[in-house]
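Work through the exercises below with the model open. Each task is followed by a stepwise solution.

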Amino acid sequence: MRILAIETSCDETGAAVVEKEANKPSVTILSNSLATSLALHKTTGGIIPENAAREQVKYILPVIIEALLGSVNQKPSDDFKKDQERCRVVLRDSIDAIAVTYGPGLIGSLLVGVETAKTLAYVFDKPLIPVNHLLAHLYANTIDSEAYQSITFPFIGLIVSGGHTDLLLFTSHDTFQWLGGTRDDAAGEAFDKIGRMLGLSYPAGPEIDKRAKKIVKADLLFKSPLLHSDDLDFSFSGLKTEVMRFVQKQKKLPEEHIDEICHATQKAIVDVLVAKTIKAALEHNAKTIVVGGGVSANSYLREMMNKKVKEKMGDIPVSFPLPKYSTDNGAAIGAYALFHPGPHDIFQVTAQPELYLT
Ligand code: KG4
Ligand code: ZN
């Protein structure tokens, strides 16, 4: 099955053509095209939803055209009419279904992708597969991945993105249970908000990751919120306040000091993510741990999750997506759709900004 997948939940416009051969467990990417309005959001220190939606409108067609042509080893030309005809042929002859993120996300951004996908599905008479953006983050692990061979049910899924932090128990591709999540800020949001206090540009997660690596011996520590609580919940807004108070007390903030704060922040966030994931895995006899979402690109999270799971659970596999598929992209949406083809009624598919996992 070959799918054109579209992602427009926030500030990235993604389109990919993906397929899965029956005898192969993992997903193959034929093309993966991505545009981002990040540069614009850096100037405002965060995402203004109206701006993000306008940028989606600008990028959606060029990104889909690039993905469709890329899937047959062609590139867009300067001749719009010629490209239009070539895309029409690809869509008609080699695409079996169209997948699209329908939530959660920013309503204006989601509408651009959902309405484009519905129109293409209707005009070309293809099935439409609505995809939950958060679940797709976990299925990014199935892309071109050796590790995917070893994902077995039941598995614990940890979703750590800019807007969400959730722990799920999967007993099959179609059955999952929400075990816990953040009570306030998401893990990525904590990285971004603390980074902003330190004068780092948006999104701050990747820079905090880089700066933290410079600290060999750490003296500064922040409290890891809810580390020892009896549930599977998270809370990161208190950490933000703790860092803010600490920063306000400093007379100066030299670069080395910023590196130290980045290290302590990252450790406080990662320690609780790892501890609660292992707690969930032990409680539910999980056979695999699967991590996804933008924060799954974090190198310390990757290192500590592997190390601590080995210490506490022995050789159960831990799977992270290839770093380029950790953050938002169309390929992950396609990967999820390949495992959940439907059928779905095209006219029932609507953008759902508040789509929940519970
Ligand atoms: O999943 P994603 O691309 O978008 C959402 O669905 O929200 O996640 C974006 C988040 C941002 O908060 C960003 O700071 C964080 O992922 N992020 C990281 C790293 N790379 C991206 N956080 C920590 N370390 C990283 N290396
Ligand atoms: Zn995301």
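**Exercise 1. State how many residues of each domain are in contact.**

Step 1. On the domain 1 side, 14 residues touch 23 residues of domain 2. Contact means heavy atoms within 4.5 Å.

Step 2. Place the domains. Domain 1 covers 2-138 + 326-348, and domain 2 covers 151-320. These bounds come from an automatic or database domain assignment.

Step 3. Check the basis. This is a predicted model: local features need pLDDT of at least 70, side-chain atom pairs count only at pLDDT 80 or more, and totals for chains, interfaces and linings use all residues. Residues are numbered from 1 along each chain as its sequence is written, and side-chain values use heavy atoms, leaving out hydrogens and water.

**Exercise 2. Find the area buried between the domains and the residues of domain 1 that lose the most.**

Step 1. Domain 1 and domain 2 bury about 1,400 Å² between them. Buried area is the accessible area (1.4 Å probe) that two parts lose on being put together, summed over both.

Step 2. Carbon and sulfur atoms give 69% of that area.

Step 3. In domain 1, L134, L138 and S326 lose the most, together 39% of what that side buries.

**Exercise 3. Count the salt bridges between the domains, then sort the domain 1 side by class.**

Step 1. The salt-bridge count is 0 (side-chain nitrogen of Lys or Arg within 4 Å of a carboxyl oxygen of Asp or Glu).

Step 2. The domain 1 side has 7 nonpolar, 6 polar and 1 charged residues. Ala, Val, Leu, Ile, Met, Phe, Trp, Tyr, Cys and Pro count as nonpolar, Asp, Glu, Lys and Arg as charged, and the others, Gly among them, as polar.

Key:
Chains are lettered from A and ligands numbered from 1 in the order in which they are written.
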